[in-house]
Amino acid sequence: MRKVIVPLMLMFLCSGFAFALKFSYKNNRYQKLAEQYFAKAGKAFDAGEYVLAVDYAEKASENARLSEEFVNKNLSSKTAEDLLLRAKNRLDFAKSIHADENYPVAFSAAQDYYNQANWAFNKKDYASTASLAQKVLDTLAGIKGMNPLPKFYIVQPWEITRDCLWNISGRTYVYNNPWLWENLYEANKSILPEPENPNLILPGMKLEIPSISGEYRSGTYDPNKTYGTYSPVNINK
């Protein structure tokens, strides 16, 4: 009988002890019970009380298992909480650089993911929380902090910049397409020296660059600043 009991008891002891080593840095009641039963099992074994030793070993193993579940749940909660905070900070940053206006579709999708992640966290569904929060980060990953596209442009001398509505329209920070020059013309027709002549613009004139696809524009073009490239596809991404 002893030959049967001893290996069985040792199997439980080793299993419980492995859990105890893995999670000894976590102070919870299951881990404490596992350690207490492990110590009792050892004493019972030394005293020759093998049946009692096996009983204690089983209890040690069960509490070590419960400790593992407890620790994993708390680690999942912490991971989900950290990701949720990162997602919120990323949304706040995106909002601060007008991503809701420059990238309305991406921002809206990220906001929906964040709302779902918040709901999942309140339901203690930490796996879904982490997954949805990561989607927020992935969705907004391509949105960088750059100056908004300019709303105004000061005409420069032709010999320096070759400024005309066609060339201005073709610049990346305007429409990235010279064929869209008529948008500039219609928006600024009233201030032209000859309103019916779109070819005549003068240095120093302040031209408005109207939004034509919902893109956000602000301020006057500054050659010392870095701007994104206008694209109706990217803007609605």
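This section describes the confidence of a predicted model, the surroundings of one buried aspartate, and the aromatic and charge-over-ring arrangements.

The mean pLDDT of the protein chain is 82, with 84% of its residues at 70 or more. Over residues 1-10 the pLDDT falls below 50, and this stretch makes 12 contacts in the model beyond near neighbours in sequence. Residues 233-237 also have a pLDDT below 50, with 13 contacts beyond near neighbours in sequence. Where pLDDT is low, the predicted coordinates should not be read in detail.

Asp-163 lies in the loop that connects helix H7 (158-161) to helix H8 (165-169). Its relative accessible area is 5%, below the 20% limit, and Asp-163 is therefore classed as buried. When residues up to four places away in sequence are set aside, Asp-163 touches Tyr-153, Ile-154, Val-155, Gln-156, Trp-158, Ile-168, Arg-171 and Ile-201. Two of these neighbours are also engaged through polar atoms of the Asp-163 side chain. With Tyr-153, the polar contact is between side chains, at 2.6 Å. With Gln-156, a polar atom of the Asp-163 side chain lies 2.7 Å from the backbone nitrogen. The C-alpha atom of Asp-163 is separated by 9.0 Å from that of Leu-202, a residue 39 positions away along the chain.

Tyr-153 also belongs to an aromatic cluster, together with Tyr-173, Tyr-221 and Tyr-227. In total, the structure holds 10 aromatic pairs. For Tyr-173 and Tyr-221, the ring centres are 4.1 Å apart and the planes meet at 10°, so this pair is stacked. The pair links distant parts of the chain, 48 residues apart: Tyr-173 is in the loop between H8 and helix H9 (181-188), whereas Tyr-221 is in the loop between strand E2 (206-208) and helix H10 (232-235). Tyr-173 is buried, at 10% relative accessible area, while Tyr-221 is partly exposed, at 23%.

A further pair is formed by Trp-181 and Tyr-185, with ring centres 6.1 Å apart and planes at 45°, so the pair is tilted. These residues are separated by about one helical turn because they stand 4 residues apart in helix H9. Trp-181 is partly exposed, with a relative accessible area of 22%, whereas Tyr-185 is buried, with a value of 9%.

The ring of Phe-152 is associated with two lysine residues. The charged end of Lys-151 sits over this ring, 6.0 Å from its centre. Lys-206 lies over the face of Phe-152, at 4.6 Å from the ring centre.

Conventions: Residues numbered from 1 in each chain as written. Predicted model: local features only at pLDDT ≥ 70, side-chain atom pairs only at ≥ 80, totals over all residues. Heavy atoms only, no water. Helix = DSSP H or I, 4+ residues; strand = E, 2+ residues; numbered from the N terminus. Buried < 20%, exposed > 50% of the residue type's maximum accessible area, 1.4 Å probe, protein only. Contact = heavy atoms within 4.5 Å. Polar contact = N/O pair within 3.5 Å; in protein donor to acceptor, adjacent residues only side chain to side chain. pLDDT = per-residue confidence, 0-100. Phe/Tyr/Trp six-rings, centres within 6.5 Å; stacked < 30°, edge-to-face > 60°. Lys NZ or Arg CZ within 6 Å of the ring centre and 35° of its normal.
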